[in-house]
Amino acid sequence: MRENLSPSDITDLVGLYAQADFQQTRQAIQAAELAQPLWAAAGPQRRAEALDRIGTELLARREELGRLLAREEGKVLPEAIAEVSRAGHIFKFFAGEALRMSGEHLESVRPGIEVDILRQPVGVVGIITPWNFPIAIPAWKIAPALAYGNSVVFKPADLVPGSAWALAEIISRAGLPPGTFNLVMGRGSVVGQALAESESVRAISFTGSTSTGRHLMQVAGARLARLQLEMGGKNPLVVLDDADLDQAVECAVQGAYFSTGQRCTASSRFIVEKGVYQRFIEAVEVRLDELRVGHALHDDTHIGPVAEEGQLRQNLDYVDIGRAEGARLAYGGQPLSRQTEGYYMSPALFVDADADMRIAREEIFGPVACVIPADNYEHALDIANGSPFGLSAGICTRSLKHATHFKRHAQSGMVMVNTPTAGVDYHVPFGGTKASSYGAREQGHKAMEFFTTVKTAYTHA
Ligand code: NAD
């Protein structure tokens, strides 16, 4: 059993959750293997109805589930409710996609022969997720997996079993054949490892850190499993002299600090042109002063606690590293005490950072950002692209020329013009380049690429 404590108040016990062992994970994989042909044969109508039912319940219960999510993960209540709504919309979107799963029909280059390109389920899919979006990320993997006729073994992050349990309970009542969907809670090194090793798990969709992604590549990749890895980010926000300053500050603060900076798409590098550099920093500091850090369930909180003690320690260590590297800490970066004991810290802003510093290169995954000066647009683009990661990149400018150039040349899977690097739609592809992503894109219609396999059939009539 594992104690699930609220990061806003560590005396608040959210629940006690089971931890599966290797053998129990094997049992779940076997159940999924037996059920998968039944689910594939159930047809698109039944699959669409099941997914639609899940989506409807998530939407109807968004306040209640949002409260649970905020309590166990620490994001503020409005963000948590929005996340549950998003999960509901995702299930409804993929209910429609189940009906649109399509192949192609062509004439052969040889007379009398016809060619069908068929889309088929992959089989048993392992789904491994992080703690920062405890309902939305599982939803955007589970919904397409089920829509296209796969069975699922779902391993959530250890830190957020409550949200995973609530989602699984809803799915369990949606009319799937027993064994089609399996929740296995437990340690990554046990449950995740069992999924990575099992020959019966034909595909693994993973979101988490780059180091765990690389490990899965070595274990599951070595046995030629299909892999979809969504990993870390170090997302740049470029601010040019001609930007609307208020808009740029809002993009920066929203993108870097909301959700306590715990978003893979969070901006952590502000690359700012010289003419606006000082005014930008002053305006960000003013805006940060207005933000209240506190209990995730309190009405007046803008930024909740860090999700866990280890992550808080890591964030504060990076504040020390930044100082030692010679960047100037212009704002925050301190542990905070509140009425309840939790993992609170003030948002941190480093200025006069250098692109080579560790705080400008490594993913911190907390409310810590740095400002790097740039001579001009070309210099800013160079800095933005000089990262091992490539998830989301943003620019604030009024110049159509620079915005268009940036959209084409930013080395990232997602590009944002005059809007924060974090915050994406649920019906379009999501993913990155370089060390941020590996494999086919997630979400939207493109999700079919990963969750189906292509078969080419020749018929001589
Ligand atoms: P993590 O890599 O520690 O854990 C992710 C999942 O992998 C968890 O369920 C964990 O239990 C499991 N795991 C751990 N070791 C494993 C192993 N040996 N075998 C199989 N599974 C194992 O990541 P985290 O700390 O939960 O999440 C934070 C990270 O997630 C950050 O790096 C963040 O950027 C990333 N993230 C990426 C995206 C994206 O879409 N690119 C979205 C959200 C979070």
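## Buried charges, paired strands and salt bridges

Arg47 is buried but forms no salt bridge; Glu49, the nearest side chain of opposite charge, is 11 Å away. This is a predicted model. Arg47 belongs to helix 2, which covers residues 43-60. What does a polar atom of the Arg47 side chain lie 3.2 Å from? The partner is the backbone oxygen of Trp39. Leaving aside residues up to four places away in sequence, Arg47 touches Trp39, Ala40, Ala98, Met101, Leu146, Ala147, Tyr148 and Gly149.

**A second buried charge**

Glu83 sits in helix 4, residues 77-100. Its relative accessible area is 4%, so Glu83 is buried. The side chain of Glu83 reaches a backbone atom: the nitrogen of Ala136, at 2.9 Å. Ala136 is also among the residues that Glu83 touches, once residues up to four places away in sequence are set aside. The others are Leu69, Lys75, Asn132, Phe133, Pro134 and Ile135.

**Strands**

Strands of a sheet pair through backbone hydrogen bonds, in a parallel or an antiparallel sense. One open sheet here has 3 strands in the order 3-4-22, with antiparallel pairing. Strand 3 (104-107) and strand 22 (452-460) stand at its edges. Each has a single partner strand, so one side of each is left without a neighbour in the sheet. On average, neighbouring strands of this sheet are turned by 20 degrees against each other, direction ignored.

Strand 3 runs antiparallel to strand 4 (residues 113-121), and 4 bridges join the two. Within this pair, Glu104 stands opposite Ile117 of strand 4.

Strand 5 (residues 124-128) pairs in the parallel sense with strand 6 (residues 151-155), over 5 bridges. Gly126 stands opposite Val153 in strand 6. How many residues of strand 5 are buried? The count is 5 of its 5 residues. In a regular strand, side chains alternate between the two faces of the sheet. Both faces of strand 5 are covered. Val124, Gly126 and Ile128 are buried on one side, and Val125 and Ile127 are buried on the other.

**Salt bridges**

Side chains of opposite charge can pair when their charged atoms come close. The structure holds 16 salt bridges. The table gives some of them.

| Acidic partner | Basic partner | N to O distance |
|---|---|---|
| Glu97 | Arg100 | 2.8 Å |
| Glu449 | Arg119 | 3.6 Å |
| Glu442 | Lys141 | 2.8 Å |

Take Glu97 and Arg100. Both lie in helix 4, 3 residues apart, about one turn of the helix. Glu97 counts as buried because its relative accessibility is 3%. Arg100, at 45% relative accessibility, counts as partly exposed.

Next come Glu449 and Arg119, whose side chains meet in a salt bridge. Glu449 lies in helix 15 (residues 447-451) and Arg119 in strand 4, so the pair ties together parts that are 330 residues apart in sequence. Glu449 counts as partly exposed at 41% relative accessibility. Arg119 also counts as partly exposed, at 21%. The cut-off for buried is under 20%.

Glu442 and Lys141 meet in a salt bridge too. This pair links distant parts of the chain, 301 residues apart. Glu442 is in the loop between strand 21 (437-438) and helix 15, while Lys141 is in helix 5 (residues 136-147). Are these two residues buried or exposed? Both Glu442 and Lys141 are buried.

Salt bridges also form a network. Its members are Glu57, Arg61, Glu64, Glu169 and Arg173.

**Positive phi in two loops**

Most residues other than glycine have a negative phi. Thr260 has a positive value, near 55 degrees. Thr260 is found in the loop between helix 9 (245-257) and strand 11 (267-273). With a relative accessible area of 3%, Thr260 is buried.

Asn418 also has a positive phi, near 60 degrees. Asn418 lies in the loop between strand 19 (414-417) and strand 20 (433-434). Its relative accessible area is 23%, so Asn418 is partly exposed.

Methods: Residues are numbered from 1 along each chain as its sequence is written. This is a predicted model: local features need pLDDT of at least 70, side-chain atom pairs count only at pLDDT 80 or more; totals for chains, interfaces and linings use all residues. Side-chain values use heavy atoms; hydrogens and water are left out. Buried means under 20% relative accessible area, exposed over 50%, partly exposed in between (1.4 Å probe, protein chains only). Lys and Arg count as positive and Asp and Glu as negative; His and the chain ends are not counted. A salt bridge is a side-chain nitrogen of Lys or Arg within 4 Å of a carboxyl oxygen of Asp or Glu. A polar contact is a pair of N or O atoms within 3.5 Å; within protein, one must be able to donate a hydrogen and the other to accept it, and residues adjacent in sequence count only if both atoms are side-chain atoms. Contact means heavy atoms within 4.5 Å. Two strands pair if DSSP finds at least two bridges between them. Axes are lines fitted to C-alpha atoms, for helices over the stretch in contact, and angles run from 0 to 180 degrees between N-to-C directions.
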